[in-house]
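This report walks through a few local features of one structure, moving from a surface site to a helix and then to the aromatic rings.

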Amino acid sequence: MSKKRPGGESLPSAPSTATGPSPDHEVPAATPAPDPKRWWALAVIALAQLMVILDVTVVNIALPSAQRALGMSDADRQWVITAYTLAFGGLLLLGGRIADLVGRKRTFVIGLAGFAAASALGGAAAGPGMLFAARALQGAFAAVLAPSALSLLATTFTDPKERARAFGVYGALAGGGSAVGLIVGGLLTEYLNWRWSLYVNVPIALAALLGAPAFLRDRSGRRSGHLDVPGALLGCCGLVALVYGFSEAEPRGWSSPSVLTPLVAGVVLLAAFVWWQSRAASPLLPLRIVRDRVRAGSLATMGLATIGMFGVFLFLTYYLQVVLGYPPVRTGLAFVPISAGIVIGATQIAARLLPRTAPRTLMSSGMVLAAAGMVLLSSLTVHTQYVTHVLPALLLLGLGMGLTFMPVYATATAGVPAQDAGVASAVLNTVQQMGASLGTVLLNTIATSATGRYLHSHVRGPDADGATLDQGMVHGFSVAYRCSAGVLLLAALVAGLTVWHRTPKHAGHDAPA
């Protein structure tokens, strides 16, 4: 049920505490007393989130050194990244439902401990196979850890002002962790060695493990029922097939049977997954979670935002290192402004405005700012100065990401009964992961194709000189950045048309155990 306010926007009614269909007249749930240790709990959750997000990019900088040290072939090196993304993206829904069934705090601790052990194993890798296995284990434990962390945050903070502040911190880490990973990866690789890009997770995880028993409170959710095994198999296999197909598209091309087969299989399996979820007695993903228009709009906004944003780190890293000749540490430090912009946008602007501003206003404004940053990047040349062009673009991108991600996280998890909080958080993480995978592949394909066309039209002899190659690369990046700007503007439109309510008075209430 919803009520109309004078501006025409719908205000959601208090979430029902029942697990079945909502009655016509709902009785608002009693507001639980705030947890006195909730801000310490936020610190623990934030550490875990930083570790998971940081690990997505921290290994990228160290990959060339790891390849040389372990004798890895060019064809096999992609599995350092792919093994992680396959396990992480494919198992997120399963990890979220496990958290709902056996307890979010318990799965949070298991995920932390497992992620730390897998990181130590990867740092001690004696060969490529051992490193690939460790990265797959990291992804599997991250798939348990990430939804547990987000659902714990959603059920710990229910007051709108406190919830805004907490999700501001979480959104800043979610958006800025990738940039921080580039900085940390550059420092560790240049001054220590590549193994520390994995070992660095161990002290972070240990710090979070020490605080988890004391500060985390797992409020009552579902502790009965059974795991939807057919749904888990269909959903996980479908997501793994899609992620694998996206990862193979770059080296093999979109028309390759090695790409088309897993992509088609993934679509078929996910269609069968949706069909089964509408009939299962205890579904892995209750479809009521994604049928809500506001939540679906928030998820679509997140997906489009990550598709448009994740090309920045890949292309700009190559631009700074290959074209401008930056060393790894300087390249990492060049991304500091985007991290600063995310922190300011999420914690100082969005967190302050969300309690009294419609989420769609923040999301749409953020995506327009980010699109403006992409347009600036599309004007880069081989002679562009960092301060005049790259720096303003990164600041706009950071502010835009902070303004968008924070209200998306808060809105997509608002009003979800506690027994579904884990899987609802997993859906949001899955959309973000799939968007990043698809966006990286699509934008890299666009950039590579544009570079090829440029070189074909500008090279007269059998070989191109270094300057022409650089110009062709930058031209490809510019075309990809313009496409990114278009995707981000589409995200702004989707948010403006679908996310039509303010943040609920109290969100994330628990259902009776």
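A residue counts as buried when its relative accessible area is under 20%, as exposed when that area is over 50%, and as partly exposed in between. The model discussed here is predicted. Tryptophan 196, which lies in helix 6, has a relative accessibility of 39% and therefore counts as partly exposed. Together with Leu187, Tyr191 and Leu192, Trp196 makes a nonpolar surface patch of about 440 Å².

Helix 3 covers residues 104–123, and because its 20 residues at 1.5 Å a residue should span 28 Å, the 28 Å between its end C-alpha atoms agrees with that expectation. Its buried residues include Arg104, Phe108, Leu112, Phe115 and Gly123, and among the elements that cover the buried residues of helix 3 are helix 1 (38–70), helix 4 (128–156) and helix 17 (421–458).

The structure also holds seven aromatic pairs, two of which are set out below.

| Pair | Centre to centre | Angle between planes | Type |
|---|---|---|---|
| Trp275 and Trp276 | 6.3 Å | 45° | tilted |
| Phe315 and Phe477 | 5.0 Å | 25° | stacked |

The stacked pair links distant parts of the chain, since phenylalanine 315 belongs to helix 12 (residues 311–323) and phenylalanine 477 to helix 18 (residues 466–498), 162 residues apart. Both phenylalanine 315 and phenylalanine 477 are buried, and ring pairs link Phe315 and Phe477 with Tyr481 into a cluster. In the tilted pair, tryptophan 275 counts as partly exposed at 47% relative accessibility, and tryptophan 276 is likewise partly exposed, with a relative accessible area of 27%.

Notes:
Residues are numbered from 1 along each chain as its sequence is written. This is a predicted model: local features need pLDDT of at least 70, side-chain atom pairs count only at pLDDT 80 or more; totals for chains, interfaces and linings use all residues. Side-chain values use heavy atoms; hydrogens and water are left out. Helices (H or I, at least four residues) and strands (E, at least two) are DSSP runs, numbered from the N terminus. The expected span of a helix is 1.5 Å times one less than its number of residues. Buried means under 20% relative accessible area, exposed over 50%, partly exposed in between (1.4 Å probe, protein chains only). Contact means heavy atoms within 4.5 Å. Patches are made of residues with over 30% relative accessible area and no salt bridge: like charges are joined within 9 Å, nonpolar side chains (Val, Leu, Ile, Met, Phe, Trp, Tyr) within 5 Å. Accessible areas come from the Shrake-Rupley method with a 1.4 Å probe; for residues, only the protein chains shown count as cover. A salt bridge is a side-chain nitrogen of Lys or Arg within 4 Å of a carboxyl oxygen of Asp or Glu. Rings of Phe, Tyr and Trp (its six-membered ring) pair if their centres lie within 6.5 Å; planes under 30 degrees apart count as stacked, over 60 as edge-to-face and the rest as tilted.
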